[in-house]
Amino acid sequence: MINFLREPFGQKRILNKEDIGNKKNKRRANDITGTLKRLWKFMRGEKNVIIFIICIVVITSLLGILGPYLVGQIIDKYFVPGLFEGVGKVLLLLLFIYVLHSLTTLTQSFLMVGASQRTIFNMRYELFNHMQYLPIDFYNRRQHGELMSRMTNDIETLSQTLNSSFIQFTTSIITLIGTISVMLYLSPILTVLTITIIPLLVVGIKFITNRTGPLYKIRQKTTGELNAYIEEVISGQEIVKVFSQEERVIKDFEVKTKNLRDVTFWANLYSGMIPKLMNVLNNLSFTIVAGIGGLLALTMDNVVTVGTIVVFAEYARQFTRPLADLANQFNQVLSAIAGAERVFQIIDTDVEKDHGLIEDTNLKGAIDFKNVTFSYNKDQHEPTIKDISFSIKSGESIALIGATGAGKTTIVQLLNRFYDVDQGVIEIDGIPITEYKRDVLKDNSAFVLQDPFLFKTSIKENIKFGNLDATDEEIIEAAKRANAHSFIMKLSDGYDTIIDEEHTSLSTGQKQLISIARAFVRNPSLLFLDEATSSIDTITEIEIQDALEELMKGRTSIIIAHRLNTVQAVDRLIVLEKGIIKEMGSHEELLSHKGIYYKMVNG
Amino acid sequence: MKTVFRYALKYKWIIIIGLVLMLVELGVELIQPLFIRGVIDEGIQQNSLEKAYLYLFLMLGASAVSFIAGIFNTYFSSYATNAFGNDLRNAIFRRIQGFSLGTLAKFNSSTLITRLTQDVLMSENLVFMGMRILLRAPLMVIGSLIMSFVVNVKLGFYLTMLTPLLFVFLLITARYGTKIFSRIQRRLDGINRFIQENLSAMTLIKVNNRMEYESNRFSKIAGDLRDDMIFGLRLMESILPVLLLIMNGSLLIVLFVARDLLESSSIQVGELVAIINYALRMQGGFSMFSWLIIAATRAKASADRIEEVLQAPITQYEYDEFEKTKTGSSVEFKDVSFKYPNDTLKVLKNISFKIEKNENLVIMGATGSGKSTLVNLIPRMYDATEGQILVDDKDIREWNIAELREKVGYVPQSAILFTGSIYENMLWGDREAHEESIYDSTIKAQIHESILEFDDQYDTQVGQRGVQLSGGQKQRLSIARALVKRPAILILDDSTSALDVSTETSLWDAIKDIEVTRIVISQKISTAQAADRILLLDEGEISAIGTHEKLLRESELYNKIVESQSRGGSFDD
């Protein structure tokens, strides 16, 4: 028997003595009061509703206490002595209380659901909106998975907690105080006896949480390991198949999942004890009230009456329930607060600064870099860009070439204010770019990126993303100029075809043509092609090249490329090496210069 | 639902024992009001201390029994739950291993992870709850109903008069609740997808100045979720007040009629107290319902998602040991066409050609021209939609699939290594491989020297938590792994792209004399020149096939490629 309890069904114990109650590395909020204050700010719009709810909760709790008390009174005053005069009036009062109780309960929950869901919406929206304006650097430093979990899991936990915990918390406290007061008033002795179960509850819960805490931590780690394994095997499924290793990975998986099973067993076992503990304490309090109460009624005069027993039997339940709720919810509330804190951390991250004053201008696109120096990390010993100066005339096309890490992308990022320069000035049309509103820079420029990202919506919407005001005609015109029209028309729904990996297989080249159409419809004066053809093979590149050259006509264009054959049509080339301009000039000039470019071309 | 919970059947005895223990607990709860009646009617009213003591000890005993039953129930339910969850997880994983690549692409890896972990956990929870409270709540209600009749038929009748109303109400809310909460679940999934897309497209959004546009789109879907949530939660929250009203109303009726019954002495006070107590217990049982509806809806959504995986088609086959052939195999495509499942566009159209034993074929073509798809058909990663593929003059569908794959050494575009040591990764090629044959392969793949430079040499850990390898190192390791297999057909899908020219030349030299049929996908004219023949694909069709010289003479497309590569080098290392 003892053996069964220690190692049931052959499940080995996982926790050592020293693990029990180990509270190290608990993921909890650092600043609970601060976070609660911030949370309250989000609820401010609901201030009146909340105050109203609190009033109603007080009434509800009192009515909840009053009901059983009256039932006890009816039994003591009328039924036990056998006096039935006037009981009708009390019953009528009771009816009134019951109806009112249901109404206030309904009102408080309805109001709370509305208030909490509106608050959650505000937070969700605020977080999302804030994230849209965070600098690109923020995203480069964080994993998508982690951000996803901020925006989904943390908000969800908060939503669930906010909905139930607020009312329960308030109700629990009022009910606890209220019932104990009435109990003391009715019978101090029985009250003292009844609340002896509270220490038992505390000891029991502590025993359990000391074990579940560390177990949950182990479980989280094991789950993480399992996830990593699944991810690896699924992404390498081609290899698994071609090497016929299915049985082997299944065996490995079974070993890993067995670990998870073991830890989950113990975690479930201990956490499953909580309701059982509550149950036995309920039964004990019932025994105390009914059994010992009965003895007291018999041995001492007028200390305990039948009515008191009835009231106590109900109250004992009423106060163990909130205690259990509080104990159960305590951890949930804490983790929700920790989640809220993580959400606030993102909201507190600075958005891109925008001190520019110049609005609504059509830029001509003359660019000047004047002694620009920049590093991504301030503790980097060599700057990424070192004292660079050059000018680009309006309508000119420039190619930035150089090895990985030479600073090509950095120049484009600085020009678009993904980052701001450390030293020097960048000017467009003779005015420093910081003096323009960010919108001006963005609205006047278009990008074609290496990875032609398409949204899961229609092709039309995907092109329209470049210019929300574009008419259908303009969209088709843009697609035609991007050489995309003919293949789009071949698709089952033409421009209304939904981009969906499962059903529509567009080649990378075709996707890139759509993204070129997106740039066309924007009709920008500044154009950036960031390795636009590098994930494409040489044959497809030939097709896309035409579309790109058409797109570059009449616009200031900056092209980043590492394959030299794609950039020979530009007006000038800038050869970069380790953040410094090594050579600058037209294709022919650079060839006759016989420097780096010449060497590369004749590879 | 059914497919998923069938896995619990294996543990039916443990579940049954657990349920019996739960019934014991329930029995104790249901008998308690009888004790309180005893204390009042037989003890207090009769002034019998003896009886009062008797009932006190009975109650203590009952509490103890209930507690012990409860603890054991927890043991049994935890065990059954975990065993079930574990079996389910293994079954899902095994199923996934049987998926074709097409099926696998349909579920992407992140949803499969969710299904294997979160969704299994949800299903486990349902079993756990099922053994503990799912049945207990309704049984508590029904038990209390019956017991109230046992205590006093008349009072029992008055108490239960209004409960049919309650059942109807609960049925309606349950039906609407499940509907609305499944919709909420879908909306949550939608929000997650939206955020995922938004994060992936962040640069694009910024450069197009579409931040406000995205926020507005998000505001709409988040608003829809809010509205549904408010409606769904309010529906659930309305259960409790209605329940309270009906149960309290029943209590009032009981108290009202009790007056006359007490007056006529046809009932005793203790009986009344017991009935009131049963009413409270029924209330407790009923109040679990809204929670149960939400939990069940969530579990059902999870179970359905798991079921999708468990019911997706798989290919099954026998694993055996097969004799290694000493020479390369011939491969023939006869009028092969292919389109991906759910797709309308044909990726390959009427492909016919034959590669002789030990021939060296290079396949060229634009992205999307069908090169990778074509080689994928040989080890039956996908099956041709039309036409026939023969290996050693036998239809590949007639080969045992494991034997067929045993013949093929395949190095895909992206080099994938698994968590473990380099040596263990090499053993993927052949589990019984000797050290010499592994070294031989790594030497041929030009990676042996690099491995020896690592601190732990062949014991160096690679994969997710392993050392950072360069793209070229990974490609060479994955080529070595394929060589360890001593394949009859070696397929290299653009798998030397990250190698510098001299390493690549040494690699080709080293494997030149192996007796193996080589199919190499490449973009490089230099590689093509060295091949026996070149196959040029264009939009899924064979544009040209033959030697370098022949293609130079006959193929316009080939000349275009040659020309595009003749000008300019690149800054890649």
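**Notes on a predicted two-chain model**

1. Let's start with a helix in chain A. Residues 91-115 of chain A are 100% helix and 0% strand, and the C-alpha atoms at the two ends of this span sit 36 Å apart. Keep in mind that this is a predicted model. Its overall scores are ipTM 0.78 and pTM 0.74.

2. Why pick that span? Residues 91-115 are one of the stretches of chain A that UniProt, in an unreviewed entry, labels "transmembrane region"; the others are 49-71, 166-186, 192-209 and 280-300. Take 192-209 of chain A as another example: this span is 89% helix and 0% strand, with 27 Å between its end C-alpha atoms.

3. Chain A is split into domain 1 (35-186), domain 2 (188-303) and domain 3 (367-601). If you want a feel for the spacing, the C-alpha centres of domain 2 of chain A and domain 3 of chain A are 57 Å from each other.

4. Now over to chain B. On confidence, chain B has a mean pLDDT of 81, with 93% of its residues at 70 or more. The domain assignment here gives domain 1 (2-311) and domain 2 (331-566), and the C-alpha centres of these domains of chain B are 56 Å apart.

5. What is chain B built from? You'll find 23 helices and 12 strands in chain B. Its radius of gyration is 36 Å, well over the 25 Å that the globule rule gives for 573 residues, so chain B is more spread out than a compact globule. Along the principal axes, the C-alpha trace of chain B spans about 120 × 55 × 45 Å.

6. How much of chain B is buried? Of its 573 residues, 44% are buried. As for contacts within chain B between residues at least 6 apart in sequence, 80% of them link residues at least 24 apart.

7. Chain B has its own "transmembrane region" labels, again from an unreviewed UniProt entry: residues 12-32, 52-72, 133-151, 157-177, 239-258 and 278-296. Two of these are worth a look in the model. Residues 157-177 of chain B are 90% helix and 0% strand, with end C-alpha atoms 30 Å apart. Residues 239-258 of chain B are 100% helix and 0% strand, and their end C-alpha atoms lie 28 Å apart.

8. How do the chains meet? In this model, 126 residues of chain A are in contact with 130 residues of chain B. On the chain A side, helix H10 (residues 246-299) gives the most, with 29 residues. Sorted by class, the side of chain A that touches chain B has 64 nonpolar, 41 polar and 21 charged residues.

9. If you'd like one residue to zoom in on, try B:Ser63, which is in helix H3 (residues 49-97) of chain B. Is B:Ser63 buried or exposed? B:Ser63 has 22 C-beta neighbours inside 10 Å, and the cut-off for buried is 20 or more, so B:Ser63 counts as buried.

10. Which residues does B:Ser63 touch, leaving aside its neighbours within four places in sequence? The answer lies in chain A: B:Ser63 is in contact with A:Val280, A:Asn283, A:Leu284 and A:Thr287. For a sense of distance inside chain B, compare B:Ser63 with B:Asp335: they are 272 residues apart along the chain, and their C-alpha atoms are separated by 79 Å.

Methods: Residues numbered from 1 in each chain as written. Chains lettered and ligands numbered in written order. Predicted model: local features only at pLDDT ≥ 70, side-chain atom pairs only at ≥ 80, totals over all residues. pLDDT = per-residue confidence, 0-100. Helix = DSSP H or I, 4+ residues; strand = E, 2+ residues; numbered from the N terminus. Rg over C-alpha atoms; globule rule 2.2 N^0.38 Å. Buried ≥ 20, exposed ≤ 12 C-beta atoms within 10 Å, placed from the backbone. Contact = placed C-beta atoms within 7 Å. Domains from an automatic or database assignment. Nonpolar A, V, L, I, M, F, W, Y, C, P; charged D, E, K, R; others polar. UniProt positions renumbered as here; feature names shortened; annotations may be inferred.
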